[in-house]
Amino acid sequence: MPRLIVDCDPGHDDAIALILAHRHAEVVGITSVSGNAPLEATTANALLVTALLDVDTQVHAGAVKPLVGEPLHAAVVHGVTGLGEVERVEHSRVPASDDAVGFLLDAAAPDITVVAIGPLTNLALAIERDADWVSRIAGISIMGGSAGVGNATRVAEFNIFADPEAAAVVFRSGVRLTMCGLNLTHQLQTDDGVTERLRRVDRPTARFAAQIFDDLHGRMVTLLGRRSAALHDPCAVLAVTHPHLLTIEPRAVDVELAGSLTRGMTVVDERISRRRDDANAEVAYRIDAPAAMEVVLDSLM
Ligand code: BDR
Ligand code: CA
């Protein structure tokens, strides 16, 4: 079973990714970061998921803002709570620490992969504190960026756009990096059929996930005019737990920090003339969406 640390900003899809990760991996810890919602909310949401799962995975709170500038949140997608209006199980859990970076550094081991599904602030701070950290872990699998369309801007994806300087530190660090960007995650879409299947199952995670999708689909009607949503963050978990479901290619990728239209864009070298010997990332291009959706749903039931 893979051993993971999940760095996250729950977030509807982060919550699903956390459940999936606990079903198919040993989650040695969770670190939270400001992103979809303020840090206090994302940390509370991560704790909520551990309570729902009845696991003792510790949550370490992390960065309250990006390396540069002010925090960016995604209330339009996730609500001000980060999880919209979903019901919250009662619990008394509190974070194990407010030192996510210290935890990331201390927990490093050759068999640990960090699945990063929010802005990359905590990871960049870990690398800035100890550049050798990246050689002491198996790698990092991120949901972030895109080899194509953006969402926060025309060309920038939210997790990268929310902290481009941090993303640049990670992409330039020499770590073994897998990138599940929007070009991939848009292939894995939930719809009301998924919610209906979950409603037929009398289990806490199924009830919770049905509410998550219902809430998210409602928001997508306003945003996109349809009741379906891309299941972004679980893709970065699947890249570690079910790599056979993804088609991945080595590419040179860097993060645009200066462009007036392109800040936060992951610039992927797609030139066919390149031999790829300068690749610093494994970029995911295709996912077997029907099979991936079954794995995700099975983990929720
Ligand atoms: C990413 O941004 C967040 O809204 C989601 O949780 C996901 O990590 C998609 O761009
Ligand atoms: Ca996220």
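**Entry 1. Terms and model.** I take helices (H or I, at least four residues) and strands (E, at least two) as DSSP runs, numbered from the N terminus. I note that the model is a predicted one.

**Entry 2. Loop after β1.** I looked up G11 and found G11 in the loop between β1 and α1. The peptide bond leading from P10 into G11 is cis, and I read its omega as near -5°.

**Entry 3. Calcium ion.** I then asked which protein atoms are the donors of the calcium ion (ligand 2). They are OD atoms of D9, D14 (listed twice) and D233, together with the O atom of I117. These donors lie 2.3 to 2.5 Å from the ion. Along the chain I wrote their spacing as D-x4-D-x102-I-x115-D. D9 is in the loop between β1 (3-8) and α1, and I117 is in the loop between β4 (112-116) and α5 (121-129), so this pair ties together parts that are 108 residues apart in sequence.

**Entry 4. Ligand 1, polar contacts.** I117 appears again here: one of its backbone N or O atoms lies 3.1 Å from an oxygen atom of ligand 1. For H78, I recorded 2.9 Å between a side-chain N or O atom and an oxygen of ligand 1. For E157, a polar side-chain atom is 2.4 Å from an oxygen atom of ligand 1. Ligand 1 taken alone exposes 280 Å², of which the protein buries 96%.

**Entry 5. Ligand 1, surroundings.** I located ligand 1 in the largest pocket. Three elements give two or more residues to its shell, namely α1 (12-24), α6 (158-161) and α11 (232-241). There are 13 residues around ligand 1, and those that come nearest are D13, N36, N151, E157 and D233. D233 is thus on this list and is also a donor of the calcium ion. By class, I entered four nonpolar, five polar and four charged residues for the shell.

**Entry 6. A backbone angle.** Lastly I checked D54, which is not a glycine yet has a positive phi of about 55°. I placed D54 in the loop between α2 (39-53) and β3 (59-61).

Methods
Residues are numbered from 1 along each chain as its sequence is written. Chains are lettered from A and ligands numbered from 1 in the order in which they are written. This is a predicted model: local features need pLDDT of at least 70, side-chain atom pairs count only at pLDDT 80 or more; totals for chains, interfaces and linings use all residues. Side-chain values use heavy atoms; hydrogens and water are left out. A residue is near a molecule or strand if one of its heavy atoms lies within 4 Å of it. A polar contact is a pair of N or O atoms within 3.5 Å; within protein, one must be able to donate a hydrogen and the other to accept it, and residues adjacent in sequence count only if both atoms are side-chain atoms. Accessible areas come from the Shrake-Rupley method with a 1.4 Å probe; for residues, only the protein chains shown count as cover. On a 1 Å grid over the protein atoms alone, a cavity is a set of points where a 1.4 Å probe fits but cannot get out, and a pocket is an open set with protein on both sides within 12 Å along at least five of seven lines; lining residues have an atom within 4 Å of a point. A molecule sits in a cavity or pocket if more than half of its atoms lie within 2 Å of its grid points. Ala, Val, Leu, Ile, Met, Phe, Trp, Tyr, Cys and Pro count as nonpolar, Asp, Glu, Lys and Arg as charged, and the others, Gly among them, as polar. Donors are N, O and S atoms within 2.8 Å of the metal (3.2 Å for Na, K and Ca); water is not among the atoms, so sites may look incomplete.
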